[in-house]
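Please open the model in your viewer, with the sequence alongside it, and follow the stops below in order.

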Amino acid sequence: MNLIQRIFRRETTKAPSASSAAITDRTVYVRGETLAMKLAAVYSAVDLLSSTVAKLPLRYLRHNDAQGIFVDNEESQLYYLLARRPSRRHTAYQFWKNIVQAIYLRGNAYVVPRLEGAEITELVLVSPHACSYDILSDRYTETDPINALQGTFPGEDVLHFKNVSTDGGYTGRSTISYAADVLSLQATADTETRRRFAQGGTFKALFTNDNSAKGFGDYTDEALAEAAKDIQARLNSGDDIVAVSGDGKLQQLSMSSTDLQYLENRKFGVREICRFFRVPPSKIYDDFNKTYGAGETANVEFLLDSVDPILTNIEQELAAKLIVGPPRTCLKYRFEFDRDKLFTTNLLTRADYQQKTIASGVYSVNDWRRKENRPAVKGGDRVMITCNVAPVDSAKITGETVIGG
């Protein structure tokens, strides 16, 4: 075993003192949302998911028996709360953004409807860590001085939005709790990269021979330890290459500029984080080689596989807790995010889609004009359909004249 091997064996096997523990053990343990959000991939994934949901209009619909369709229940106070301002502290965008963030970062988001008589006047988003849930009694205990909420509420009076659950669906667990190991590895890689770049990426090495102990004489383990300290002191003082007498051989102690980037390890960490949050890497600007077609596919997959389950979760919780009465009455009302905005694409593609829906009789001209917030036009409510096909034996194809037709 040469001197270099002995020095590193000695330095890595001895128990670190309290003062050196922070230096020798650089592992960063990520367990809470504050540290997790300092990772670029986590921040981007959470912000993307929450912003995507928050920008979608939430509609409160009632069934119109005469028309046989669901229409906006705009006369309801609840419609205004959900679509514009749920509480005095939040706009609708801020409200839903914070709910989705809480689902991913804390596992649960709680909302308490505030009543005046039988009417809901406010939807209060409970402050973080101010609510506890008792599974056995199905009751929520609120201790939230910020929103003036204090007391115990039955389960049906609290909107409870949950992340993935391991207890049968009663409470959720945060995504970062499942991804703790991956997040810790990524945080450690970031910290190590920052530490090494702080040194300017300087190359450090020992210039020694194959029998390194010859340069220092016949040393005991204690003497080798002292030699190691001397070498470390010389490196810390600014010497980049330390010479040891004997036939020359350069042994690198620091990583090269290419190694300093940790590219492969950091890329692996980002991809693992994307898997946990179910976000395509291209959506957080990780994949710079994607083609237009691949980007379009990733966008559709993101909307269908990542965003739509969140929307469905919210819609069903609202319907279960805010629509009360006999089943036949409850089924006449529902909550629904306007998903059309998810699939808004470039203007040419959108125009082509509008034309095809009009030509196939799915929408009328005025249907689309209302969607674009434009006034209706005369005759625009008539449903039309393209008529450019006919049976092969019809007069239209054979050219025969139909008398009396």
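The tour goes from a single serine and its surroundings to a sheet and the helix that packs on it.

Before selecting anything, keep in mind that this is a predicted model.

Begin by selecting helix α4, which spans residues 40-54, and within that helix pick out S51. Is S51 buried or exposed in this model? Its relative accessibility is 16%, and because buried means under 20%, S51 counts as buried.

With S51 still selected, display the side chain and look towards D47, whose backbone oxygen lies 2.7 Å from a polar atom of the S51 side chain. Then extend the selection to Y93 and K97, both of which are in contact with S51 when its neighbours within four places in sequence are left aside.

Next, move to the open sheet, whose three strands follow the order β4-β3-β8 and pair in antiparallel fashion. Select β4 (119-125) and β8 (159-162) to see the edge strands, each of which pairs on one side only. Looking across the sheet, you can follow a twist that averages 20° from one strand to the next.

Now select strand β3, residues 108-116, together with β8: these two strands run antiparallel and are joined by four bridges. To examine this pairing at the level of residues, pick V111, which stands opposite L159 in β8.

Finally, add helix α6, residues 92-106, to the view of the sheet. Helix α6 packs on the sheet, where it touches β3, β4 and β8, and its direction makes about 140° with that of β3.

Notes
Residues numbered from 1 in each chain as written. Predicted model: local features only at pLDDT ≥ 70, side-chain atom pairs only at ≥ 80, totals over all residues. Heavy atoms only, no water. Buried < 20%, exposed > 50% of the residue type's maximum accessible area, 1.4 Å probe, protein only. Polar contact = N/O pair within 3.5 Å; in protein donor to acceptor, adjacent residues only side chain to side chain. Contact = heavy atoms within 4.5 Å. Pairing = 2+ DSSP bridges. Axes fitted to C-alpha atoms, helices over the stretch in contact; angles between N-to-C directions.
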